[in-house]
Amino acid sequence: MFKQIYMNHINILWVDDEIDLLKPHILFLEQKQYKVTTCQSGTEALEILDDINFDIVFLDENMPGLTGLETLNEIKGRRANLPVVMITKSEEEYIMEEAIGNKIADYLIKPVNPNQILLSLKKNLDHSRLVSERTTSNYQQEFRKIAMDMAMVNTYEEWSELYRKLLYWELQLEDIEDIGMTEILESQKTEANLQFGKFIEKNYPQWFENPKSAPVMSHTLFREKIMPEISKEQPTLLIVVDNLRYDQWKAFEPVVNNYYKKASEIPFYSILPTATQYARNAIFSGLMPSDMEKLHPQYWKNDTDDGGKNLYEAEFLDSQLKRLGMSDLKVEYHKITNLKNGKKIAENFKSQKDNDLTVVVYNFVDMLSHSKTEMDVVKELASNDKAYRSLALSWFKNSPLLEIIQQAQQLGFKLILTTDHGTINVKNPSKVIGDRDTSLNLRYKTGRSLTYQDKDVMAVKNPKTIHLPSMSMNSSFVFAKGDLFLAYPNNYNHYVSYYRNSYQHGGISLEEMIIPFVVLQPKQK
């Protein structure tokens, strides 16, 4: 009876026991090229839905026989993804709550006018196209301004702002099927990294000569930003997620916002090398690596030394707290490197409620980036930045880390979330030659008699100028810029093929060096 095929139209089913009174609305929609099918009861609507595919349903809440809410339940049981707009005379809260609980697309109060109906259709059926067109148009306008800013930027604050602006547009364009726009943004990020490398090469050593001109960095983060947030009036949870890029934090942020409200957010700069043994030890010790080696030789390990490089973060932290006159604080430190360990801390988090400071180092994102290099399935799942971000978000939503954050919110903890460094998807090799004692990292090398492509790296012949230890006399450091990775001539083609399009850290890029520091307060329960 109702078998029809509607082509090239938006097909609307309008269900109302007083449908004749809505004829002007229906004529208005048909003039706008919408196809409207009408019926007067929930039972009739369900019969029609068995025979015709509709794009959207307008459903009266107050009908004889099957009520609007009962009809809604039936529709969602059969066609879960079909948008349903509930129309009602009633403003009773329970009706709205039940309708929203059944995932209605919109909720309109009678009497409705034709423009309200049209707006609801645009919002629910044309939303993606309209957003896509507006976002593309806005980025096209912003592109020229970003290009001009890039030519003028000359301070660490301006670079932080420019990077965050690029990330904003990357996330805005993420769901838009416009390959051209994505390619333009990628080329802009590449150019930004090229200029940023020059900026770091020129300014990084000066930050140690004149600390007042320097940004907050790994070794000053605790003293300048974390310490002022710690008090005996409220327990503080400090979470350091290893290898967390700024864009990944922005993906996590809406999830965290369910439990916490942001009090402040700043970007800070990872020290070089942007590698865990340097940057994270610097956070916990409050010292640069050469000072760690000098003051704590029992804890510090150089690249070629045997043994774990991050085994003494708790000891480094304890020493820093004593130097800062905070040894009276009750502090616990936890490092999570596997699911079992994470679940154990989440399940027993209440035991931390009497601490002044609880520190959790979470290593999963770093393991994810290494897995992309080593496992084909992760290479497929994280083939680009968008996919890598999505994979990290999926993990976070189902992780013990989120459970820990939920527990902390319930116990009234202040939350500080940060990282030690970011990571970059490396695309292009740069040849380097060193002796057998040269370090193995793909984004930086340290050793004697290094040979490299000058334009591709920042070379530091005297590591002491940037407060890094020398493994031996005549040792130097080189740091890869942009999306380059350092490759030896031996077995070159295999090496390049294996590591190209993998996520690495240790060098100079916006993604590795400019990283988030966020302070949040718990939402009221």
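**The aromatic core and its surroundings**

At 0% relative accessibility, Tyr269 counts as buried, because the cut-off for a buried residue is under 20% relative accessible area. The model is a predicted one, and Tyr269 is a convenient place to enter it.

The largest nonpolar core has 105 residues, and Tyr269 is listed with Trp159, Phe196, Ile200 and Tyr204 as having the most contacts inside it. Helix 8, which spans residues 179–209, contributes nine residues to this core, the most of any element. One of the residues with the most core contacts, Phe196, touches Trp159 and Tyr269, and also Ile508, Ser509, Leu510, Met513 and Ile514, when residues up to four places away in sequence are not counted. Apart from this core there is a second, separate one of 20 residues, which includes Ala45, Phe54, Leu59 and Ile104.

The aromatic residues can be followed from ring to ring. A pair of rings is described by the distance of the centres and the angle of the planes. The count of aromatic pairs comes to 32. In one of them, the rings of Tyr156 and Trp207 have centres 6.2 Å apart and planes at 85 degrees, so this pair is edge-to-face. Tyr156 belongs to helix 7 (residues 156–172) and Trp207 to helix 8, so the pair ties together parts that are 51 residues apart in sequence. Both Tyr156 and Trp207 are buried. Trp207 also pairs with Tyr269: the ring centres are 5.4 Å apart and the planes stand at 85 degrees, so this pair too is edge-to-face. Here the link runs from Trp207 in helix 8 to Tyr269 in strand 7, 62 residues apart. The relative accessible area of Trp207 is 5%, so the residue is buried. Ring pairs join Tyr156, Trp159, Phe196, Phe199, Tyr204, Trp207, Phe208 and Tyr269 into a cluster.

Strand 7 (260–269) is followed by a loop that leads to helix 11 (276–285), and Thr274 sits in that loop. Thr274 is buried because its relative accessible area is 0%, under the 20% cut-off. A polar atom of the Thr274 side chain lies 2.8 Å from the backbone nitrogen of Gly506. Beyond its neighbours within four places in sequence, Thr274 is in contact with His421, His505, Gly506, Gly507, Glu512 and Met513. Met513 is also among the residues that Phe196 touches.

Burial can also be read along single elements. In a regular strand the side chains alternate between the two faces of the sheet. Strand 17 (residues 484–487) has Leu484 and Leu486 pointing one way and Phe485 and Ala487 the other, and all are buried. Strand 17 runs parallel to strand 12 (residues 428–433), and four bridges join the two. In one bridge, Lys431 has Ala487 of strand 17 as its partner.

Helix 3 (residues 68–78) has Gly68, Leu69, Thr71, Leu72, Ile75 and Lys76 as its buried residues. These cover an arc of only 155 degrees around the axis, so they lie on the same side of helix 3. An α-helix has 3.6 residues a turn, so residues three or four places apart point the same way.

The last stop is Ile52, in the loop between helix 2 (42–51) and strand 3 (56–60). Its relative accessibility is 3%, so Ile52 counts as buried. The C-alpha atoms of Ile52 and Leu13 are 9.5 Å apart, while the two residues are 39 residues apart along the chain.

How values were computed:
Residues numbered from 1 in each chain as written. Predicted model: local features only at pLDDT ≥ 70, side-chain atom pairs only at ≥ 80, totals over all residues. Heavy atoms only, no water. Core = buried A, V, L, I, M, F, W, Y, C linked by side-chain atoms within 4.5 Å. Buried < 20%, exposed > 50% of the residue type's maximum accessible area, 1.4 Å probe, protein only. Contact = heavy atoms within 4.5 Å. Polar contact = N/O pair within 3.5 Å; in protein donor to acceptor, adjacent residues only side chain to side chain. Arc of directions from axis to C-beta. Pairing = 2+ DSSP bridges. Phe/Tyr/Trp six-rings, centres within 6.5 Å; stacked < 30°, edge-to-face > 60°.
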